[in-house]
Amino acid sequence: MDMQLAVIIGGAIVAGFVQGLSGFGFGMTAMAIWAWVLDPQLAAVLSVFGALTGQVIAAVTVRRGFDMQRLLPFIIGGLVGIPIGVTLLPMLDPVIFKVFLGAFLVTWCPVMLLIGQIPHIHRGGRVADGVSGTLGGIMGGIGGFTGVIPTLWCTLRGYDRDTQRSIIQNFNLSMLAVTMVTYLASGIVTHDMWPMFAIVAPAMLIPSLLGSRLYIGISDVAFKRVVLGLLTASGVALLASALPQLLARV
C-alpha cells in the first residue's frame, strides 16, 4: 500500500476512535499523524471533513444530554468568533501561537486532572458560556481548535459527561459545518481531494462507532480523565511540532 494512503487511513482510524469516545479531538489527533506526509492544506481540509463526519455520526448515535437553551449561547458566540479568528490569522505567528497553546494545555490540564475536586464556576450564566463559545470560534478561525476552550469551560462548570459531550459535540458540529461550507465556497476544496474524502469516511466509521459504544459505559470521572488526558496529549503534540521550528529561528 502507498505510504501516503496508509497514513491517511491510519490517521482516520485513530482519530475516529478518539472522537467517538470523547466527542471531540479528531482534528488534533489526525493532524498529528497526517502532518508528517500530507500537504498542510490537504491535511487541514481532510481534518475538517473527518471531524464533521465524526460529529454527524456521534450526533446520531449519542444523543443524551441535549439541551438547546444551554447550547445556543456557545453556538452564537462561536459564529461571532470565527470571522474574528480569520481576521487575526494573517497577523499572528502560527508557530508562536501553537507554542503558547501547547504550553497552556500541558500545564493547566494535568493540574485539573490531578486536583481531586476543582472549584466549579457557577457565575456568569449564558453570557459567560457565550464568551467561551466566542473564544472557541476565534481559535477555530486561527487554527481549527474550536473545542479547546469550550471543553475546558464545561469541565470548570462541572457539567456531567452527557451534558458536556452534548455541548461540545453540537458546538463543534455547527462550527465545522460553517468551516466546511467556507472551504467549498472559497475553492479551497479541489477536485483531487474528493477521492480522499471517500477514503477517510469509511476508515473512521467503525472506530468512531466503537468509541461511542465505549463512551456509553464509562463514568463521569473516567470521562473527565479522558477529556483532560486528550487535551494534554494535544498540547504535547502542538509543542512537538512547533518547538523545533521556533528553536530553528534562534
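**Buried helices, salt bridges and cysteines in a predicted model**

At 0% relative accessibility, Cys154 counts as buried. The model in which this residue is described is a predicted one. The sulfur of Cys154 has its closest cysteine sulfur in Cys109, at 13 Å, which is too far for a bond. Cys109 is likewise buried, its relative accessible area being 0%. For the sulfur of Cys109, the closest cysteine sulfur is that of Cys154, and at 13 Å the pair is too far apart to be bonded. A disulfide is a covalent bond between the sulfur atoms of two cysteines. The cut-off applied to such a pair of sulfur atoms is 2.5 Å, and the search of the whole structure returned 0 disulfides.

Cys154 is one of the buried residues of helix H7. This helix covers residues 148–157, and 10 of its 10 residues are buried, so H7 is largely enclosed by the rest of the structure. The buried residues include Val148, Ile149, Pro150, Leu152 and Trp153, together with Thr151, Thr155 and Leu156. Arg157 is also among them. After H7 comes Gly158, which has a positive phi, near 80°.

The search for salt bridges across the whole structure gave 2. In one of them, the side chain of Arg157 meets that of Asp129, with an N to O distance of 3.1 Å. Arg157 belongs to helix H7 and Asp129 to helix H6 (residues 125–143), so this pair ties together parts that lie 28 residues apart in sequence. Arg157 counts as buried because its relative accessibility is 8%. Asp129 is buried too, with a relative accessible area of 5%.

Another salt bridge joins Asp93 to Arg249, and their closest N and O atoms are 2.5 Å apart. Asp93 is placed in the loop between helix H4 (68–88) and helix H5 (94–114), whereas Arg249 is in helix H10 (residues 220–249); the pair therefore ties together parts that are 156 residues apart in sequence. With 27% relative accessibility, Asp93 is classed as partly exposed. Arg249 is partly exposed as well, at a relative accessible area of 49%.

A nonpolar patch of about 800 Å² was found on the surface. Its members are Phe66, Met68, Leu72, Ile76, Val80, Ile84, Leu88, Met91 and Leu92. An α-helix has 3.6 residues a turn, so residues three or four places apart point the same way. Of the patch residues, Leu88 is located in helix H4. Leu88 is partly exposed, its relative accessible area being 31%.

Helix H1 (residues 3–22) is made of 20 residues. The distance from its first C-alpha to its last is 28 Å, close to the 28 Å expected at 1.5 Å a residue. The N-terminal end of H1 is capped by Asp2, which has a side-chain oxygen 3.0 Å from the backbone nitrogen of Gln4. Buried residues in H1 include Val7, Ile8, Gly11, Ala12, Ala15 and Gly16. Val18, Gln19, Gly20, Leu21 and Ser22 are buried in H1 as well. H1 is followed by Gly23, where phi is positive, near 90°.

Notes:
Residues are numbered from 1 along each chain as its sequence is written. This is a predicted model: local features need pLDDT of at least 70, side-chain atom pairs count only at pLDDT 80 or more; totals for chains, interfaces and linings use all residues. Side-chain values use heavy atoms; hydrogens and water are left out. Buried means under 20% relative accessible area, exposed over 50%, partly exposed in between (1.4 Å probe, protein chains only). Helices (H or I, at least four residues) and strands (E, at least two) are DSSP runs, numbered from the N terminus. A salt bridge is a side-chain nitrogen of Lys or Arg within 4 Å of a carboxyl oxygen of Asp or Glu. Patches are made of residues with over 30% relative accessible area and no salt bridge: like charges are joined within 9 Å, nonpolar side chains (Val, Leu, Ile, Met, Phe, Trp, Tyr) within 5 Å. Accessible areas come from the Shrake-Rupley method with a 1.4 Å probe; for residues, only the protein chains shown count as cover. The expected span of a helix is 1.5 Å times one less than its number of residues. A polar contact is a pair of N or O atoms within 3.5 Å; within protein, one must be able to donate a hydrogen and the other to accept it, and residues adjacent in sequence count only if both atoms are side-chain atoms.
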